[in-house]
Amino acid sequence: MVELDTETLRRYDSDYLWHPFTQMSEWENAENIIITRGEGSFIIDSDGNRYLDGVGAIWTNVHGHCRKEINDAVKEQVDRLEHSTLLGLSNDRAALLAKRLIDIAPPGLAKVFYSDNGSTAVEIGVKMAFQYQQQTGNKAKQKFIRFDNAYHGDTVGSMSVGGIAIYHEVYAPLLFPTIMAPSPYCYRCPLSSEGDCGSCGLLCLKELERLMKEHAHELAGLVIEPSVQGAGGMIVQPPGFVKGVRELCDRYDVLMIADEVAVGFGRTGAMFACGKEGVTPDIMAISKGISAGYLPLAATLTTRKVYDAFWGAYSDLKTFFHGHTFTGNPIACAAALASLDLFEKDRLLEQLPEKIDYLQDRLQRLMELPHVGDVRQEGMIAGIELVRDRHSREPYHWEERVGVRVCLEARKHGLFLRPLGNVIVVFPPLSISMDELAILMDGIEASIRCITG
């Protein structure tokens with residue numbers, strides 16, 4: 001393979017690439033980082049500079065970059081079979097992975113439908129829930145409840161159940177109508193001024209109940225990011241919220257669709273976030289960590305109850321008419337199987353409590369900084385919300401790009417970070433060492449001090 005110099009790579013990038021979530025007028029012709037290698041918790045650029053990956057390759061990396069065991073599994077699979085369709089055939093890797101996923105999923109989930117990314121996995125769940133209601137005699141149940149600040153992906157159906165204006169508002173004419181419930185955003189709660197998570201008695205859950213009672217006759221499903229709303233600003237839900245949502249869905253005969261795309265596979269300290277409150281959703285979407293960041297893979301898991309609604313004679317037309325060319329791709333499934341093996345071999349979940357406690361301690365210390373308004377944590381997920389005025393909670397104006405500037409400053413400390421507005425995201429590989437976690441938090445603290453004063 002020909003190794004190109006950094007200047008040439010930047011020119012090719014600037015001339016030919018269109019980057020996601022990026023204003024290209026600012027990107028083109030800038031001295032952007034070109035990553036060429038990965039090693040453990042670090043990514044390495046074309047000039048040999050190393051950056052601790054503080055966002056885990058956008059929330060996907062579990063075991064570190066270029067883990068030999070997964071590399072070997074992918075290479076072996078490439079030599080056996082690169083791809084085969086699940087339309088009229090199956091393959092061994094897809095079948096094996098389906099069993100492994102059901103073995104570790106919340107009890108009651110029984111079937112696995114593969115796709116390639118989180119947005120698609122959620123959209124599949126929405127379609128399943130809609131068709132389920134149509135095929136079980138509930139023709140009027142056609143609407144969905146979504147949450148403010150929710151993000152479920154960028155396909156049209158997933159945007160319809162999202163709740164972030166900057167991402168979704170421009171596409172409003174394309175989206176189907178939904179019913180929006182308040183987000184459990186305790187720091188900026190629209191229902192209470194308490195500001196202490198859960199101290200209001202979960203007014204958000206009471207408002208959700210009011211909405212569900214009012215609209216029960218027309219509700220097909222509810223879509224939720226359990227435990228943490230990711231792209232909305234790492235908004236951590238109060239204890240008992242997810243369980244309360246499950247109870248309301250049962251009471252009003254609404255299918256619960258859990259988007260575990262970001263929070264699944266150990267990120268909250270448990271294999272799946274729903275399991276922390278003993279909750280089994282009717283439908284669960286997973287992706288990101290499923291293949292440890294190696295290859296595009298996603299799955300939508302359902303209960304037998306949901307699956308059985310699609311069971312019938314060919315002539316009944318109850319089939320779930322949805323598919324994807326690369327559904328159950330054996331290379332991606334081989335990577336996922338190797339990742340699950342590493343969870344067991346490294347006893348990864350058992351290694352997390354010490355890291356979670358250390359992260360909590362460092363986050364609390366950040367609250368001493370005058371422009372840190374709030375810190376939020378669930379397992380190995382954290383968000384640090386920066387504010388202009390701590391007492392009034394006045395945010396920085398988005399035009400000031402404070403979050404972006406902090407993340408750019410962090411590069412001087414050997415870190416790669418991505419903000420969500422004025423929220424600094426902490427989302428490293430789960431395999432990060434204690435020493436590396438200290439480097440990450442030291443660099444974040446120094447960068448916040450430098451930019452906010």
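## Exercises on strands, sites and cores

Gly221 has Leu255 as its bridge partner in strand S10. That pair of residues is a good place to start exploring this predicted model.

### Exercise 1: Following the parallel strands

**Task.** Which strands pair with S7 and with S10, and in which sense do they run?

**Solution.**
- Step 1. Start with S7 and S10: four bridges join them, and the two strands run parallel. The pair Gly221 and Leu255 is where we came in.
- Step 2. Move on from S10 to S11. These strands also run parallel, and three bridges join them. Here Ala258 has Met284 in S11 as its bridge partner.
- Step 3. Now go back to S7 (residues 219–224) and look at S5: three bridges join these parallel strands. Ile145 has Leu222 in S7 as its bridge partner.
- Step 4. S5 has another pairing, with strand S6 (residues 179–181), which is parallel and has three bridges. In this pairing, Arg146 meets Met180 of S6 as its bridge partner.

### Exercise 2: Looking at both faces of a strand

**Task.** How many residues of S10 are buried, and which residues lie on each side?

**Solution.**
- Step 1. Count along the strand: five of the five residues in S10 are buried.
- Step 2. Sort them by side. Leu255, Ile257 and Asp259 are on one side, while Met256 and Ala258 are on the other, and both faces are covered.
- Step 3. Try the count on S5 (residues 143–147) too: four of its five residues are buried.

### Exercise 3: The annotated binding-site residues

**Task.** Where does UniProt place the feature "binding site", and why do these residues not all gather at one spot?

**Solution.**
- Step 1. Read the record. The unreviewed UniProt entry gives Gly118, Ser119, Asp259, His324 and Thr325.
- Step 2. Check how far they spread. They span 208 residues in sequence, and the farthest two C-alpha atoms are 22.6 Å apart, so they do not all gather at one spot.
- Step 3. Look for a pocket. His324 from this set belongs to the lining of the second largest pocket.
- Step 4. Take one member, Asp259, which lies in strand S10 (residues 255–259). Buried means under 20% relative accessible area, and Asp259, with 6%, is buried.
- Step 5. Look around Asp259. Beyond its neighbours within four places in sequence, its contacts include Val122, Tyr151, His152 and Ala285. With His152 there is also a polar contact of 2.7 Å between the side chains.
- Step 6. Take another member, Thr325, found in the loop between helix H11 (304–308) and helix H12 (330–345). Exposed means over 50%, and Thr325, with a relative accessible area of 57%, is exposed.

### Exercise 4: An annotated lysine

**Task.** Is Lys288 buried, partly exposed or exposed, and what does Lys288 touch?

**Solution.**
- Step 1. Begin with the record: in an unreviewed UniProt entry, the annotation "modified residue: N6-(pyridoxal phosphate)lysine" covers Lys288.
- Step 2. Find its place. Lys288 sits in the loop between strand S11 (283–286) and strand S12 (298–303).
- Step 3. Judge the accessibility. Partly exposed residues fall between the 20% and 50% cut-offs, and Lys288, at 22% relative accessibility, counts as partly exposed.
- Step 4. List some neighbours. Leaving out residues up to four places away in sequence, Lys288 touches residues including Ile58, Trp59, Thr60 and Val261.
- Step 5. Zoom in on Ile58. A polar atom of the Lys288 side chain lies 3.3 Å from the backbone oxygen of Ile58.

### Exercise 5: Inside the nonpolar cores

**Task.** How many residues does the largest nonpolar core have, and which element gives the most to this core?

**Solution.**
- Step 1. Recall a general trend: in soluble globular proteins, nonpolar side chains tend to be buried together.
- Step 2. Here, the largest nonpolar core has 88 residues. Those with the most contacts inside it include Leu208, Leu222 and Leu440.
- Step 3. Helix H12 gives the most to this core, with ten residues.
- Step 4. There is a second, separate core of 21 residues, and among them are Val126, Met128, Ala129 and Phe320.

### Exercise 6: A sheet with edges

**Task.** What is the order of strands in the open sheet of four strands, and which are the edge strands?

**Solution.**
- Step 1. Read the order: S1-S2-S3-S16, with mixed pairing.
- Step 2. Find the edges. Strand S1 (35–39) and strand S16 (415–416) each pair on one side only.
- Step 3. Inspect one pairing: strand S3 (residues 50–53) and S16 are parallel, with two bridges. Asp53 has Phe416 in S16 as its bridge partner.

How values were computed:
Residues numbered from 1 in each chain as written. Predicted model: local features only at pLDDT ≥ 70, side-chain atom pairs only at ≥ 80, totals over all residues. Heavy atoms only, no water. Buried < 20%, exposed > 50% of the residue type's maximum accessible area, 1.4 Å probe, protein only. Pairing = 2+ DSSP bridges. UniProt positions renumbered as here; feature names shortened; annotations may be inferred. Contact = heavy atoms within 4.5 Å. Polar contact = N/O pair within 3.5 Å; in protein donor to acceptor, adjacent residues only side chain to side chain. 1 Å grid on protein atoms, 1.4 Å probe; cavity = no way out; pocket = protein on both sides within 12 Å on 5 of 7 lines; lining within 4 Å. Core = buried A, V, L, I, M, F, W, Y, C linked by side-chain atoms within 4.5 Å.
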